[in-house]
Amino acid sequence: MSSSLIRATKVIRRDALSGEIVDRIVLDHGDRHRRRMAMRGVGGLSFLLDLPAPTVLDDGDALVLQDGRLVWVEAAPERLLEIRAADDLALKRLIWHIGNRHIPAEIGADAVHIAYDHVLAEMVRGLGGTAEPVERPFRPEGGAYAGEAAGHHHGHGHAHEHDHAHDHPHPHSHGTVSG
(Lines give C-alpha, C1' and ligand atoms only; values in the text may rest on other atoms or scores of the structure.)
Protein backbone atom coordinates (compact mmCIF):
# COMPACT_ATOMS: atom_id res chain seq x y z
CA MET A 1 0.00 0.00 0.00
CA SER A 2 1.50 3.25 -1.07
CA SER A 3 1.98 5.91 1.58
CA SER A 4 1.22 8.53 -1.10
CA LEU A 5 -2.46 7.55 -1.17
CA ILE A 6 -4.86 9.94 0.50
CA ARG A 7 -6.27 8.30 3.63
CA ALA A 8 -9.86 7.89 4.79
CA THR A 9 -9.64 8.05 8.56
CA LYS A 10 -13.24 8.52 9.74
CA VAL A 11 -16.77 7.37 9.00
CA ILE A 12 -19.83 9.59 8.94
CA ARG A 13 -23.03 7.63 9.47
CA ARG A 14 -25.77 8.14 6.89
CA ASP A 15 -28.05 9.96 9.35
CA ALA A 16 -25.37 12.63 9.97
CA LEU A 17 -24.09 12.95 6.39
CA SER A 18 -23.05 16.37 5.09
CA GLY A 19 -20.15 17.42 2.89
CA GLU A 20 -18.81 17.07 -0.63
CA ILE A 21 -19.16 13.53 -2.01
CA VAL A 22 -16.43 13.01 -4.62
CA ASP A 23 -16.77 9.29 -5.36
CA ARG A 24 -18.49 6.14 -4.19
CA ILE A 25 -17.27 2.71 -3.19
CA VAL A 26 -19.45 -0.37 -3.75
CA LEU A 27 -18.68 -3.11 -1.22
CA ASP A 28 -20.17 -6.48 -0.39
CA HIS A 29 -20.98 -7.49 3.18
CA GLY A 30 -17.48 -8.87 3.85
CA ASP A 31 -15.68 -5.80 2.51
CA ARG A 32 -17.87 -3.48 4.61
CA HIS A 33 -16.12 -4.87 7.74
CA ARG A 34 -12.67 -3.29 7.60
CA ARG A 35 -10.05 -1.22 9.32
CA ARG A 36 -7.27 -0.82 6.75
CA MET A 37 -7.41 -1.51 3.02
CA ALA A 38 -6.41 0.12 -0.28
CA MET A 39 -9.59 1.04 -2.18
CA ARG A 40 -10.60 2.47 -5.54
CA GLY A 41 -13.90 4.28 -5.97
CA VAL A 42 -16.25 3.75 -8.91
CA GLY A 43 -15.08 7.13 -10.30
CA GLY A 44 -11.41 6.09 -10.06
CA LEU A 45 -10.34 7.77 -6.81
CA SER A 46 -7.70 5.64 -5.07
CA PHE A 47 -7.35 5.96 -1.32
CA LEU A 48 -6.30 4.05 1.78
CA LEU A 49 -9.00 3.16 4.29
CA ASP A 50 -7.15 3.70 7.56
CA LEU A 51 -9.58 3.60 10.48
CA PRO A 52 -8.47 3.41 14.13
CA ALA A 53 -10.40 0.15 14.66
CA PRO A 54 -12.27 -2.42 12.55
CA THR A 55 -15.58 -0.81 11.62
CA VAL A 56 -18.80 -1.99 10.03
CA LEU A 57 -19.61 0.31 7.13
CA ASP A 58 -23.32 0.59 6.39
CA ASP A 59 -25.02 1.36 3.10
CA GLY A 60 -25.30 5.16 2.90
CA ASP A 61 -22.38 5.95 5.21
CA ALA A 62 -19.46 8.02 3.96
CA LEU A 63 -15.70 7.75 4.45
CA VAL A 64 -14.00 11.03 5.32
CA LEU A 65 -10.78 11.69 3.41
CA GLN A 66 -7.94 13.64 5.06
CA ASP A 67 -8.88 16.75 3.05
CA GLY A 68 -12.53 16.58 4.22
CA ARG A 69 -14.03 15.22 1.00
CA LEU A 70 -16.35 12.22 1.26
CA VAL A 71 -16.59 8.84 -0.42
CA TRP A 72 -20.11 7.36 -0.34
CA VAL A 73 -20.42 3.73 0.81
CA GLU A 74 -22.88 1.60 -1.15
CA ALA A 75 -23.82 -1.99 -0.32
CA ALA A 76 -23.23 -4.19 -3.37
CA PRO A 77 -25.89 -6.66 -4.46
CA GLU A 78 -25.01 -10.21 -3.41
CA ARG A 79 -26.41 -13.67 -4.11
CA LEU A 80 -28.62 -14.47 -1.13
CA LEU A 81 -31.37 -16.83 -0.06
CA GLU A 82 -34.69 -15.27 0.85
CA ILE A 83 -36.26 -17.54 3.44
CA ARG A 84 -39.97 -17.45 4.21
CA ALA A 85 -42.41 -19.60 6.14
CA ALA A 86 -46.17 -20.15 6.31
CA ASP A 87 -46.58 -18.20 9.57
CA ASP A 88 -44.65 -16.34 12.28
CA LEU A 89 -44.07 -19.42 14.44
CA ALA A 90 -42.69 -21.40 11.49
CA LEU A 91 -40.40 -18.48 10.56
CA LYS A 92 -39.17 -18.25 14.17
CA ARG A 93 -38.29 -21.94 14.07
CA LEU A 94 -36.37 -21.46 10.83
CA ILE A 95 -34.53 -18.49 12.36
CA TRP A 96 -33.57 -20.70 15.30
CA HIS A 97 -32.15 -23.37 12.97
CA ILE A 98 -30.26 -20.76 10.94
CA GLY A 99 -28.91 -19.15 14.12
CA ASN A 100 -27.77 -22.55 15.35
CA ARG A 101 -25.51 -22.67 12.24
CA HIS A 102 -23.72 -19.46 13.33
CA ILE A 103 -24.17 -17.65 10.02
CA PRO A 104 -24.92 -13.98 9.43
CA ALA A 105 -28.63 -13.34 8.83
CA GLU A 106 -30.70 -10.32 7.96
CA ILE A 107 -34.02 -10.68 9.76
CA GLY A 108 -37.05 -8.87 8.38
CA ALA A 109 -40.72 -8.85 9.36
CA ASP A 110 -41.67 -11.73 7.06
CA ALA A 111 -38.39 -13.04 5.61
CA VAL A 112 -34.81 -13.84 6.53
CA HIS A 113 -31.88 -13.35 4.15
CA ILE A 114 -28.64 -15.32 4.34
CA ALA A 115 -25.71 -15.83 1.97
CA TYR A 116 -26.60 -18.31 -0.77
CA ASP A 117 -25.87 -21.88 0.27
CA HIS A 118 -27.55 -24.84 -1.42
CA VAL A 119 -27.20 -27.04 1.68
CA LEU A 120 -28.97 -24.49 3.87
CA ALA A 121 -31.64 -24.00 1.18
CA GLU A 122 -32.39 -27.73 1.33
CA MET A 123 -32.43 -27.66 5.14
CA VAL A 124 -34.98 -24.81 5.09
CA ARG A 125 -37.14 -26.58 2.52
CA GLY A 126 -36.94 -29.80 4.55
CA LEU A 127 -38.26 -27.86 7.55
CA GLY A 128 -41.23 -26.60 5.53
CA GLY A 129 -39.97 -23.16 4.54
CA THR A 130 -39.13 -21.63 1.19
CA ALA A 131 -35.61 -20.59 0.19
CA GLU A 132 -35.44 -18.60 -3.05
CA PRO A 133 -32.25 -17.15 -4.55
CA VAL A 134 -32.26 -13.34 -4.77
CA GLU A 135 -29.71 -10.68 -5.69
CA ARG A 136 -29.68 -7.68 -3.32
CA PRO A 137 -27.48 -5.93 -0.74
CA PHE A 138 -26.89 -7.96 2.42
CA ARG A 139 -27.35 -6.19 5.74
CA PRO A 140 -27.12 -8.87 8.44
CA GLU A 141 -27.79 -8.28 12.11
CA GLY A 142 -24.82 -6.93 14.04
CA GLY A 143 -25.47 -9.25 16.96
CA ALA A 144 -24.65 -8.90 20.61
CA TYR A 145 -21.00 -8.23 19.78
CA ALA A 146 -21.59 -5.61 17.05
CA GLY A 147 -19.06 -3.26 18.63
CA GLU A 148 -16.41 -5.73 17.56
CA ALA A 149 -15.84 -6.30 13.87
CA ALA A 150 -19.33 -7.85 13.59
CA GLY A 151 -18.84 -11.48 12.90
CA HIS A 152 -15.05 -11.57 12.69
CA HIS A 153 -14.29 -12.31 16.34
CA HIS A 154 -15.84 -12.22 19.74
CA GLY A 155 -14.57 -11.62 23.21
CA HIS A 156 -15.83 -14.40 25.41
CA GLY A 157 -12.67 -16.40 25.38
CA HIS A 158 -13.15 -19.67 23.54
CA ALA A 159 -12.49 -21.10 20.13
CA HIS A 160 -13.65 -24.39 18.73
CA GLU A 161 -15.14 -25.98 15.65
CA HIS A 162 -18.89 -25.54 15.22
CA ASP A 163 -19.93 -28.73 13.48
CA HIS A 164 -20.88 -30.41 16.75
CA ALA A 165 -23.58 -29.87 19.32
CA HIS A 166 -22.76 -27.69 22.27
CA ASP A 167 -24.78 -26.37 25.13
CA HIS A 168 -23.81 -22.72 25.51
CA PRO A 169 -25.67 -19.85 23.85
CA HIS A 170 -24.14 -17.80 21.03
CA PRO A 171 -26.33 -14.79 20.27
CA HIS A 172 -23.91 -13.64 17.56
CA SER A 173 -22.48 -14.53 14.19
CA HIS A 174 -19.17 -16.25 13.61
CA GLY A 175 -19.27 -15.29 9.94
CA THR A 176 -18.83 -18.85 8.71
CA VAL A 177 -21.12 -21.33 7.07
CA SER A 178 -20.88 -24.91 8.16
CA GLY A 179 -22.14 -27.47 5.71
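Q: Does Asp-117 count as buried or exposed, and why?
A: Burial is read from relative accessibility, and buried means under 20%. In this predicted model, Asp-117 has a relative accessibility of 15%, so Asp-117 counts as buried.

Q: Where along the chain is Asp-117 placed?
A: Asp-117 sits in the loop that connects β9 to α2.

Q: How far apart are Asp-117 and Leu-80, in sequence and in space?
A: The two separations are read one after the other. Along the sequence, 37 residues separate Asp-117 from Leu-80, while their C-alpha atoms are 8.0 Å apart in space.

Q: What are the totals for the chain, in helices and strands?
A: There are two helices and 10 strands. Taken in sequence order, the pattern is β-β-β-β-β-β-β-α-β-β-α-β. The chain has 179 residues, of which 36% are buried.

Q: Which share of contacts joins residues at least 24 apart in sequence?
A: The count is restricted to contacts between residues at least 6 apart in sequence, and 62% of these join residues at least 24 apart.

Q: What span should helix α1 have, and what is the distance between its end C-alpha atoms?
A: The expected value rests on a rise of 1.5 Å a residue. Helix α1 covers residues 88-100, which is 13 residues, so a span of 18 Å is expected; the end C-alpha atoms lie 18 Å apart, in agreement.

Q: Which residues of α1 are buried?
A: They are Leu-91, Leu-94 and Ile-98. Viewed down the axis of α1, the buried residues fall within an arc of 60°, so they line one face of the helix. Lys-92, Arg-93 and Trp-96 are exposed on the other side of α1.

Q: What covers the buried residues of α1?
A: The cover includes two strands, β7 (77-84) and β9 (112-115), and the helix α2 (118-126).

Q: What is found at the start of α1, and what just after α1?
A: At the start, Asp-87 brings a side-chain oxygen to within 3.2 Å of the backbone nitrogen of Leu-89. Just after the helix, His-102 has a positive phi of about 60°.

Q: How does β7 pair with β10 and with β9?
A: For each pair, the direction and the number of bridges are read. β7 runs antiparallel to β10 (residues 130-137), with eight bridges between them. In that pairing, Arg-79 is opposite Glu-135 of β10. β7 is also antiparallel to β9, through four bridges. Here Glu-82 is opposite His-113 of β9.

Q: In what order do the strands of the six-stranded open sheet stand?
A: The order is β2-β6-β5-β1-β4-β3, with mixed pairing. The edges are β2 (21-27) and β3 (33-40); each has a single partner strand, so one side of each has no neighbour in the sheet. On average, neighbouring strands of the sheet are turned by 30° against each other, ignoring direction.

Q: How many bridges join β5 to β6, and how many pair β1 with β5?
A: Three bridges join β5 (residues 62-65) to β6 (residues 70-75), and these strands are antiparallel. Among the partners, Val-64 is bridged to Leu-70 of β6, and Leu-63 to Val-71 of β6. β1 (residues 6-12) pairs with β5 over four bridges, also in the antiparallel sense. There, Ala-8 has Leu-65 of β5 as its bridge partner.

Q: Which way do the residues of β5 point?
A: Ala-62 and Val-64 point one way, Leu-63 and Leu-65 point the other way, and all are buried.

Q: What is found in the hairpin of β5 and β6?
A: Four residues lie between the strands, and Gly-68 takes a positive phi near 95° in this hairpin.

Q: How is Arg-34 classed by its relative accessibility, and why?
A: The class between buried and exposed is partly exposed. Arg-34 is at 28% relative accessibility, so Arg-34 counts as partly exposed. Arg-34 belongs to strand β3.

Q: Which residues are in contact with Arg-34?
A: With neighbours within four places in sequence set aside, the contacts are Leu-49, Leu-51, Ala-53, Pro-54 and Thr-55. Leu-51 is 17 residues from Arg-34 in sequence, with 8.1 Å between their C-alpha atoms. The side chains of Arg-34 and Asp-31 are joined by a polar contact of 2.4 Å.

Conventions
Residues numbered from 1 in each chain as written. Predicted model: local features only at pLDDT ≥ 70, side-chain atom pairs only at ≥ 80, totals over all residues. Heavy atoms only, no water. Expected span 1.5 Å × (residues − 1). Buried < 20%, exposed > 50% of the residue type's maximum accessible area, 1.4 Å probe, protein only. Arc of directions from axis to C-beta. Contact = heavy atoms within 4.5 Å. Polar contact = N/O pair within 3.5 Å; in protein donor to acceptor, adjacent residues only side chain to side chain. Pairing = 2+ DSSP bridges. Axes fitted to C-alpha atoms, helices over the stretch in contact; angles between N-to-C directions.
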